[in-house]
Amino acid sequence: MSAAFDSWRPAARDLAHESDWQKFCRYSPQSPPLLLAGASDAAAPTSLPLFGSASASAAGSGLAARAAANGSTAAATSSGITRAEAMDVLLNAGGPVWAMDWCPSSAQAPAGPSHLALGCHPSDSQQNVIGTEVRGPTCIQLWELSHPDQQAQQAQQAQQQQQAQQQRPQEQQQQQQGGLILPRLVLAVAHDGGLTWCCRWCPDPGLTDGPGAAAPAGGRLPRLGLLAAALGDGSVRVWAIPQPQAASAHAAPQPQQQSTPLLLSLPPVAAVNSTALGGSMPSVVDWLPAAPHDLLAVGGWDGSVSILRLVPGQAAAADSSAEGSSGSGGTMHGLELLSRFFADVLPLRALRWVPPAACAATLDCLERQLIVTGGHEGALRVWDLRDPFQPLYSHVLASNATILGAEWTQRPFGLVAAMEDASLRGLVLDSELIGRAARDESKAMFSISWRGRNMGAIWALAVQPHMQVVAYAGEDGEVGIFPVEFEGNSKRRMPHSAVAGLRLQGATLVVRNPGQMARDHGLFAGKVMERMSELGKARLPEDAEALHRVAWSAHAGGAAWLASGGAAGLVRCQWIQSQGVATRAVSFPAQPQHLTTFAAQSGQSQRLQEGPSCPWPSTSHIEGHAAASASARGVWAHLTSSKNDAAAQPTVSTLPPEVERLARFADGPGAAGFEEPQHWLASWWRYQGP
C-alpha cells in the first residue's frame with residue numbers, strides 16, 4: 001500500500017445524498033427486448049428494468065422474465081441462483097457504455113466481492129462530437145458482483161449457523177437454498193462533467209480498507225479505492241470512493257428502496273481542467289501501474305499527452321465545489337503537470353503504461369518512463385518520457401484505419417492493437433523472437449494480423465495480466481478471447497474462442513452463449529480473411545449490437561471476471577477459467593546462437609534472474625571491458641558471430657531499422673573505446689523486454 005495516499009480518504013461530512021437520482025441517471029427505464037437462453041420461455045422476449053440484472057447462462061431459470069414482470073430491481077437481485085447461473089450474468093446500465101474498469105480490491109481479497117465502475121452516455125447525449133465540450137449532470141455507476149466460490153462458502157456458513165440456531169429469518173433460508181445473488185448497483189457518483197470517456201482505478205489493491213480494518217480517524221470513511229476519470233467537460237478528476245456499505249449508512253440513514261440507486265455527490269481529491277492542460281480535451285487516462293502509483297497519463301482528442309503527478313498534500317482551490325472543482329479558470333489541485341507533448345497529429349484513443357513485470361530486469365526505472373500511444377493516424381508509438389521529442393519506436397499499422405485500443409503483453413513481450421478495419425494487430429518486442437527473426441529470416445517479422453469474417457471495427461481489447469489472455473469486442477457484438485501468442489507462421493496460429501455475443505433479430509436482441517457461437521461466429525478461425533473480397537457478401541452489424549468496452553478483473557489463480565458492454569446499455573460479466581493452454585510464441589527454423597545478454601551494473605557483468613529465454617552464454621570474452629561499462633545503467637545486449645561464421649556472413653548489425661529505433665538509445669557501454677576485435681562485437685543495443 002502506498003502511504004502517500006493515506007490522506008485521500010472520503011470524509012463523512014463531504015458526502016451529499018442526491019434524492020433526485022433521475023436528474024443524474026437520464027436513461028431508458030427498460031432495456032431493449034431480450035432473448036435469454038436460460039429463460040423459462042426462450043421464445044418470448046423480455047426486458048430488464050433499469051439497473052436490473054439476470055443470469056445469461058444457459059442454465060438460467062427465467063430470472064429476467066420475473067424481474068420484468070415485477071418491474072423492479074428487487075426481484076432480479078434478491079432471488080437465489082445457482083453457481084452456474086452466477087458465473088454468467090447480464091446487467092442493464094441504462095445507456096451506451098464507454099468507460100469500464102474493475103476495482104483491484106479483488107487482488108487483496110480474491111474470494112470477496114468485485115466492484116465494476118461504469119460510465120454510460122445519457123439518453124440525450126448518446127452521440128457526441130469528439131473534442132467538443134459536453135456538460136450536464138450524470139454519474140459513474142459502481143456495481144458489485146459476488147464471487148461464486150465466496151458465496152458458496154457463505155452458504156455453508158449459513159447452513160452451520162442454522163443448525164445452531166433453528167429460528168432464522170427468511171433471507172437466511174434463501175442462503176441455504178442457493179445463497180447467490182445477481183449483480184446490483186451499490187453506489188453512483190454524481191458529477192456535472194456531461195459524460196465519462198474513460199475511467200481507471202488506482203492499481204494498488206492496498207488502498208482498499210477491508211471489512212476487518214480499523215475505522216479511519218477524523219470522521220473518515222473506509223475507502224474502496226481511488227478512481228480517475230476523463231469527463232466530457234474537459235476535466236480529469238480523481239475521487240476517493242468510499243465503501244458502499246459505509247457510505248449508505250452515513251449518507252442515507254433512512255432505508256433505501258431497492259429500485260432506487262444510492263446516488264452521492266462527493267468532492268474529488270484531485271482535479272484538473274482543460275485550460276490547465278493547454279486547452280486539450282481528455283479522451284483517455286491511465287494510472288501508473290508501478291508503485292508508488294503517483295503518475296497519471298492523460299491523452300487528448302488533439303493528440304497530446306500530459307503527464308501529471310499526484311500530490312496528496314496539495315490543498316484544493318477555494319472556489320472548488322463537490323461537482324465542478326475543475327470547471328473554471330484553469331484550476332488544478334492535487335495534481336502537478338510534469339510534461340506535455342504531442343504524440344499524434346490526430347485524436348488519441350489508446351494510451352497505456354508499460355507493465356512493471358516487463359521491466360523487472362532493468363535498473364533505470366523504465367516502468368515509470370515507457371508508454372504506448374495510438375489513435376486516428378494509425379501509428380503505434382512507444383515513448384520514453386525522458387526524451388519526448390521523438391518516439392522510441394513508431395510503427396504504422398494502417399494508413400487508412402484508426403487504432404481504437406492497445407495493450408502490452410508480457411509473455412512474450414509485445415503489443416496488441418484493436419483496429420477500425422476489423423483486425424487485430426500484434427507487434428513483437430521480445431528480444432529472443434527478434435533475434436530469431438534477424439538471423440533466420442531475410443526480413444524480420446514484427447507485425448502479425450488476425451482477421452475473421454466480421455466486418456465491424458474492433459472497439460476495445462484487454463489483456464488479463466496473470467493468465468495472459470487477450471479479450472476483444474467490437475461492432476459485430478461478439479467477444480473473443482485467445483492466449484497471447486505471436487506465431488510467425490499464419491497457418492499455425494490458434495483460432496480464437498467466442499465467449500459472448502449479441503445479435504439483433506428484428507427488434508429483439510438475442511444474447512448468445514459460447515455453445516451457440518462455437519461454429520457460428522466471425523472471429524479469427526485460423527486463417528486471415530481479406531476484408532474487401534468478403535465485403536460484398538458479408539453481414540454488416542447493427543448499431544445496437546456494438547460492444548465498446550471490455551475489461552478483465554485483477555484476479556489471480558487461473559480465473560477472472562470478463563466484462564463487456566456497449567451501445568445497448570447492457571453489460572455482460574462472465575467468470576472465465578483458464579484451461580491451461582500453453583502460450584506459443586513465434587516459431588522459426590532454428591534457435592539463435594548469436595544473441596547474448598548481460599547486465600551492466602557497478603562495473604560488473606552478472607547474469608539476470610529473469611530475462612530472455614535464450615541460453616545464457618559465457619561472458620568471459622567481455623569481462624575485460626566491464627570497467628568501461630561502470631557508468632552504464634540498464635540491460636544491454638550485443639550480437640556476436642563466431643570465427644567460422646565470419647566468412648559466411650559479414651559482421652554487421654542484423655537488427656532491422658525498426659528495432660534499432662526501439663532499442664538504441666546511444667552507444668553501448670564502452671563501445672566508443674572498442675576497437676572492432678576480429679568479429680566479436682557486431683552491434684550494441686539496449687534491451688527493453690523481459
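Reader: Why is strand E21 (residues 379-384) described as largely enclosed by the rest of the structure?

Author: The model is predicted, and the description rests on computed accessibility. A residue counts as buried under 20% relative accessible area. Six of the six residues of E21 meet that criterion, so the strand is largely enclosed by the rest of the structure.

Reader: What makes both faces of E21 count as covered?

Author: The two sides can be examined in turn. On one side stand Ala379, Arg381 and Trp383, and on the other Leu380, Val382 and Asp384. All of these residues are buried, and both faces are therefore covered.

Reader: What makes E20 and E21 a pair of strands?

Author: Pairing requires at least two bridges between the strands. Strand E20 (residues 370-375) and E21 share four, in the antiparallel sense. One of the partnerships places Leu370 opposite Asp384 of E21. The two strands form a hairpin with three residues between them, and Gly378 in the turn has a positive phi of about 85°.

Reader: How do you know that E21 also pairs with E22?

Author: The requirement is again at least two bridges. E21 and strand E22 (residues 393-396) have four bridges and run antiparallel. Val382 has Tyr393 as its bridge partner in E22.

Reader: Which residues touch the most other members of the largest nonpolar core?

Author: That core has 37 residues, and the ones that touch the most other members are Leu226, Val238, Trp287, Leu296, Leu310, Trp353 and Ile371. Several strands supply at least two residues each, among them E10 (223-231), E11 (236-242), E14 (282-287) and E19 (348-353). A second, separate core has 33 residues, including Tyr27, Leu50, Ala190 and Leu263. In soluble globular proteins, nonpolar side chains tend to be buried together.

Reader: Which residues does Ile371 touch, not counting those up to four places away in sequence?

Author: Contact here means heavy atoms within 4.5 Å. Under that criterion Ile371 touches Val305, Phe341, Leu351, Arg352, Trp353, Arg381, Val382, Trp383, Leu385 and Trp408. Two of its contacts, Arg381 and Trp383, belong to one side of E21, and Val382 belongs to the other.

Reader: Why is the pair of Trp21 and Phe51 called tilted?

Author: A pair of aromatic rings is described by the distance of the centres and the angle of the planes. Rings pair if their centres lie within 6.5 Å, planes under 30 degrees apart count as stacked, and those over 60 count as edge-to-face. For Trp21 and Phe51 the centres are 6.1 Å apart and the planes stand at 55°, so the pair is tilted. By this rule the count comes to 12 aromatic pairs.

Reader: What makes this pair a link between separate parts of the chain?

Author: Trp21 lies in helix H1 (residues 21-24), while Phe51 is in the loop between E2 and E3, so the pair ties together parts that are 30 residues apart in sequence. Trp21, Tyr27, Phe51 and Trp143 form one aromatic cluster.

Reader: Are Trp21 and Phe51 buried or exposed, and what values decide the matter?

Author: The limit for buried is under 20%. Trp21 has a relative accessible area of 17% and is buried. Phe51, with 3%, is buried as well.

Reader: Why does Ser47 count as buried?

Author: Its relative accessibility is 14%, and the threshold is under 20%, so Ser47 counts as buried. Ser47 is placed in the loop between strand E2 (34-35) and strand E3 (53-55). A polar atom of its side chain lies 3.4 Å from the backbone oxygen of Ser31, and the limit for a polar contact is 3.5 Å.

Reader: What makes E23 and E26 edge strands?

Author: They belong to an open sheet of four strands in the order E23-E24-E25-E26, with antiparallel pairing. Strand E23 (403-410) and strand E26 (447-450) each pair on one side only, and this makes them the edges. From one strand to the next, the twist averages 20°. Strand E25 (residues 424-428) pairs with E26 over four bridges, and Leu424 stands opposite Trp450.

Reader: Which strands are the edges of the six-stranded open sheet?

Author: The order in that sheet is E1-E12-E8-E7-E6-E5, with mixed pairing. Its edge strands are E1 (16-17) and E5 (97-102), each of which pairs on one side only. Within the sheet, E6 (residues 114-120) and E7 (residues 138-145) run antiparallel and are joined by six bridges. Leu118 has Gln141 as its bridge partner in E7.

How values were computed: Residues numbered from 1 in each chain as written. Predicted model: local features only at pLDDT ≥ 70, side-chain atom pairs only at ≥ 80, totals over all residues. Heavy atoms only, no water. Core = buried A, V, L, I, M, F, W, Y, C linked by side-chain atoms within 4.5 Å. Buried < 20%, exposed > 50% of the residue type's maximum accessible area, 1.4 Å probe, protein only. Polar contact = N/O pair within 3.5 Å; in protein donor to acceptor, adjacent residues only side chain to side chain. Axes fitted to C-alpha atoms, helices over the stretch in contact; angles between N-to-C directions. Phe/Tyr/Trp six-rings, centres within 6.5 Å; stacked < 30°, edge-to-face > 60°.
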